[in-house]
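User: I am new to this structure and would like to learn how to read a few of its features. Please go through them with me.

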Amino acid sequence: MSVASSDCLACAQRPLLGRRVALIHPAWHSCGTYRVVLGQIAAYRALGAEVFPIAISSDPGFVPGRNWLWKSFNQATPELDGGARYYGGAPFHAMLSPRFLRHVLWPYLHGDQAVVRLAMAERARLSRAIEGATFDLVHCNHFFLMPIARRLARGAAPILLDTHDLQARQFALINEKKFWLSPRASYESMLAQELEAMRGADLLLHLNAQEAEDFRALVPEKAHALLYPATPEAPTGPGGPDIILVASNNAANVESVVWFLREVAPKAPGVTVKIVGNVDAGVRSKAPEQYAAYKDWFLGRVEDPGAVYANARLALLPTISGTGLSIKTVEALSSGLPLIATRQAMRGMDEEALSLPGVVIVDSAQEFADALSRTAASAPLDESGRRGSPARRYYESRLSLAAYKASLGVLAAALISAGSVE
């Protein structure tokens, strides 16, 4: 192969070589969004880009430089230690202005989740190295961080927005279980703010087919792309005796774990499950009786979630609520483990995912318990079997870093090229 041919091949494999990408994300961890962000960073770096991950807190006071406030986030996100970290957050005094009190705090007391998140982003201070920097592309996660994306784009760099489900729908679900002043903020009013913020992006990325369909109808004037997220793969071995249930502490996960403990676990006597993740705090609060009865099953947050999959024989996905693609389902598929899952756990995927050998889909607690008892007694797969399993192959073809990288490279390069022409 000639030097020229070798250079062309390198360019094709790394189409973003030398490009600077600002990657804006909420300062969250132990959740699906964080796993998506890790996949984005890995993909951009593999494409040759220099990535600037910028964690934005929605809590007041989390300005850059206050290391003691960011210590917990940093400790919970060791995967970000491979490069420089950048931060953003609004100072306390920004909340004291009459405008904030009237136009943000007052609506928020009525349940307007959209207005407060947008307002905190608008008032955020950013790390000094970021404030004065220029970028070739700004990749923003969640509509409410678009004020920061526009600030960093400076009217020149294209903005790619990952929508992460229809957030107004999530806000409405959250509000159902909270006390707010009357009249409550409506779904329609929060949706209007979400859509208006999204219109500032050049391309909208969607994580699943239903989300893409919804947003194409809501903002038909914008460019859209369906791109399943690059969830980092879980280990496929060596295997072990554990039956695992992985969940973070959000409302949908808590509800699902409580349902599993109440309705499924008593119907599968003799089976022991390891419940991994900070969902334990939510279950303890919402269902103290179930938590007390199964306290020994909860491991809490672990330092190495990969080891949990590596040493397992079976993964459980007892999901009964939630919207959008389930990242923990993607992780479980990548592990090659046999799975028992509700139909809800497979949401956002195509029909093939519902008929994968080794993935048992159930529609009731009794079916789940029967499958659990039956599968717990079967011989576990070895590492070779897991790596060659239909679930693992499905992950590699649609949801792996390689698949995501290939599609993202085409989309990002086209955006940057179009911006350069303009």
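User: What follows helix 15, and what is the sign of its phi?

Analyst: Helices here are DSSP runs (H or I, at least four residues), numbered from the N terminus. Helix 15 is followed by G336, which has a positive phi, near 75°. The model is predicted: local features need pLDDT of at least 70 and side-chain atom pairs pLDDT 80 or more, while totals for chains, interfaces and linings use all residues. Residues are numbered from 1 along each chain as its sequence is written, and side-chain values use heavy atoms, without hydrogens and water.

User: How many residues of helix 15 are buried?

Analyst: Buried means under 20% relative accessible area (1.4 Å probe, protein chains only). Helix 15 spans residues 327-334 and is mostly covered, with eight of its eight residues buried. Among them are the charged-chain names to look for in the view, K328 and E331, together with I327, V330 and L333.

User: Which domains does the assignment give?

Analyst: Domain bounds come from an automatic or database domain assignment. For this protein, that assignment gives domain 1 (15-230 + 402-419) and domain 2 (242-399). Taken over C-alpha atoms, the centres of domain 1 and domain 2 are separated by 29 Å.

User: How many residues of domain 1 are in contact with domain 2, and how much area do the domains bury between them?

Analyst: The size of an interface is often given as the accessible area lost when the parts come together. Here that loss (1.4 Å probe) is summed over both parts. Domain 1 and domain 2 bury about 1,400 Å² between them, and 52% of this is on carbon and sulfur atoms. Counting contact as heavy atoms within 4.5 Å, 19 residues of domain 1 touch 17 residues of domain 2.

Methods:
Buried < 20%, exposed > 50% of the residue type's maximum accessible area, 1.4 Å probe, protein only. Helix = DSSP H or I, 4+ residues; strand = E, 2+ residues; numbered from the N terminus. Buried area = accessible area lost by both parts, 1.4 Å probe.
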